[in-house]
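Please find below a colleague's note on the model, set out point by point. It is meant to be read next to the sequence and the coordinates.

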Amino acid sequence: MSQLFYLKECSSTNDEISKFLLYDHSDFISVHTYNQTQGRGQYGNTWAATAGKNLAYTLAVKIQNILVSDFMFNYYTAIIIRDFLANLTENKVEIKWPNDIILKNKKIVGILIEKKKINQNNYFIIGAGFNILQEKFDEISNAGSLLTQTGKHFDINQFTLNLHDFLVEKLQNIPSEQEILNQFNDYLFRKDQISVFELDQKRQNGIIRHADEKGELWIELESGLQSFYHKEIKLLY
């Protein structure tokens with residue numbers, strides 16, 4: 001069963017979703033708003049969005065229906081959101097490890113996945129902020145929107161309906177872990193390119209080689225090939 005609920009305004013759709021998970025058959029329940037006031041990102045970061053211009057969307061998925069590891073589920077979520085946007089924009093869309101979505105070198109989607117137990121059921125709570133119609137990002141130089149990156153004005157309501165249907169369909173047909181890993185690496189932003197990283201407050205060049213099944217990113221640095229967890233190293237772009 002799939003349902004999509006709308007809130008005129010809320011602090012965080014990831015926090016509000018629990019109010020809608022009242023029934024045993026709540027397999028794919030989502031909440032969205034175009035005015036989120038206190039959005040959260042990965043590891044306590046905030047996600048700011050201009051009211052009426054962007055989408056804050058959260059989808060709750062029962063964990064008992066998911067047969068892949070948590071890392072693979074995170075990767076797969078990024079993949080299917082990437083696929084939706086690539087199909088919609090007919091542009092090259094990439095994944096910045098671990099799960100930001102990049103269009104023409106600008107971040108247009110941030111994803112936060114949490115695990116919660118609500119009413120005796122365990123859920124993956126997929127929260128995603130989509131920059132759709134915002135035109136200016138004064139404080140965030142690496143952020144963009146579908147409008148800034150494609151020049152197209154998308155209908156925000158139709159975008160939401162289509163996104164929800166696409167994600168629910170794809171989450172009912174999750175491929176093998178190896179296939180997920182292969183796809184994730186195919187879409188990996190800056191893979192096999194010389195990039196600048198910040199490590200221990202110092203900048204150095206390196207080359208992203210691949211992400212692995214444990215959620216780590218392997219980067220070839222001057223000192224050799226090393227693996228990193230999120231927040232241990234920063235890609236500057």
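The points below cover the sheets, the helices that lie across one of them, and the aromatic contacts of this predicted model.

1. The seven-stranded sheet. Seven strands make an open sheet, in the order S1-S2-S5-S9-S8-S7-S6, and their pairing is mixed. S1 and strand S6 (93-96) are the edge strands, each of them paired on one side only. From one strand to the next, the twist averages 20 degrees.

2. Strands S8 and S9. Strand S8 (residues 106-118) and strand S9 (residues 121-131) run antiparallel and are joined by ten bridges. Two of the partners can be checked directly: Lys115 is bridged to Phe124 in S9, and Lys117 has Asn122 in S9 as its bridge partner. The hairpin of S8 and S9 has two residues between the strands, and Asn119 takes a positive phi near 50 degrees there.

3. Strands S7 and S8. The pairing of S7 with S8 is also described as antiparallel, over three bridges. Within it, Ile101 stands opposite Val109 of S8. This hairpin, too, has two residues between its strands; here Lys104 is the residue with a positive phi, near 50 degrees.

4. Helix H2, geometry. How far should helix H2 (residues 70-89) span at 1.5 Å a residue? For its 20 residues the expected span is 28 Å, and the end C-alpha atoms are 29 Å apart, which agrees. Just after H2, Glu90 has a positive phi of about 55 degrees.

5. Helix H2, surroundings. H2 lies across S6, strand S7 (100-103), S8 and S9, and runs at about 140 degrees to S8. Of the 20 residues of H2, 15 are buried, so the helix is largely enclosed by the rest of the structure.

6. Helix H4. Which strands does helix H4 (residues 156-171) lie across? They are S1, S2, strand S5 (54-62) and S9, and H4 runs at about 25 degrees to S5. S9 is thus listed for H4 and for H2.

7. The five-stranded sheet. An open sheet of five strands has antiparallel pairing and the order S13-S12-S11-S10-S14. Strand S13 (224-228) and S14 are at its edges with a single partner strand each, so one side of each is left without a neighbour in the sheet. The twist here averages 45 degrees from one strand to the next. At the S14 edge, S10 and S14 pair in the antiparallel sense over three bridges, and Glu198 has Lys234 in S14 as its bridge partner.

8. Aromatic pairs, Tyr6 and Tyr34. How many aromatic pairs does a search of the whole structure find? The search finds eight. One of them is formed by Tyr6 and Tyr34, whose ring centres are 5.8 Å apart with 40 degrees between the planes, a tilted arrangement. This pair links distant parts of the chain, 28 residues apart: Tyr6 belongs to strand S1 (residues 2-6), while Tyr34 is in the loop between strand S2 (28-33) and strand S3 (39-40). Tyr6 has a relative accessible area of 46% and is partly exposed, whereas Tyr34, at 12% relative accessibility, counts as buried.

9. Aromatic pairs, Phe189 and Tyr237. The ring centres of Phe189 and Tyr237 are 5.3 Å apart and the planes stand at 75 degrees, so the pair is edge-to-face. It again connects distant parts of the chain, 48 residues apart: Phe189 is in the loop between helix H5 (177-186) and strand S10 (194-199), and Tyr237 is in the segment after strand S14 (234-236). Is Phe189 buried or exposed? At 3% relative accessibility, Phe189 counts as buried. Tyr237, with a relative accessible area of 32%, is partly exposed.

10. Other ring contacts. Phe84, Phe130, Phe159 and Phe166 are linked by ring pairs into a cluster. By residue number, Phe84 falls in H2 (residues 70-89), Phe130 in S9 (residues 121-131), and Phe159 and Phe166 in H4 (residues 156-171). Separately, Arg82 lies over the face of Tyr187, at 3.6 Å from the ring centre.

Definitions and conventions: Residues numbered from 1 in each chain as written. Predicted model: local features only at pLDDT ≥ 70, side-chain atom pairs only at ≥ 80, totals over all residues. Heavy atoms only, no water. Helix = DSSP H or I, 4+ residues; strand = E, 2+ residues; numbered from the N terminus. Expected span 1.5 Å × (residues − 1). Buried < 20%, exposed > 50% of the residue type's maximum accessible area, 1.4 Å probe, protein only. Phe/Tyr/Trp six-rings, centres within 6.5 Å; stacked < 30°, edge-to-face > 60°. Lys NZ or Arg CZ within 6 Å of the ring centre and 35° of its normal. Pairing = 2+ DSSP bridges. Axes fitted to C-alpha atoms, helices over the stretch in contact; angles between N-to-C directions. Contact = heavy atoms within 4.5 Å.
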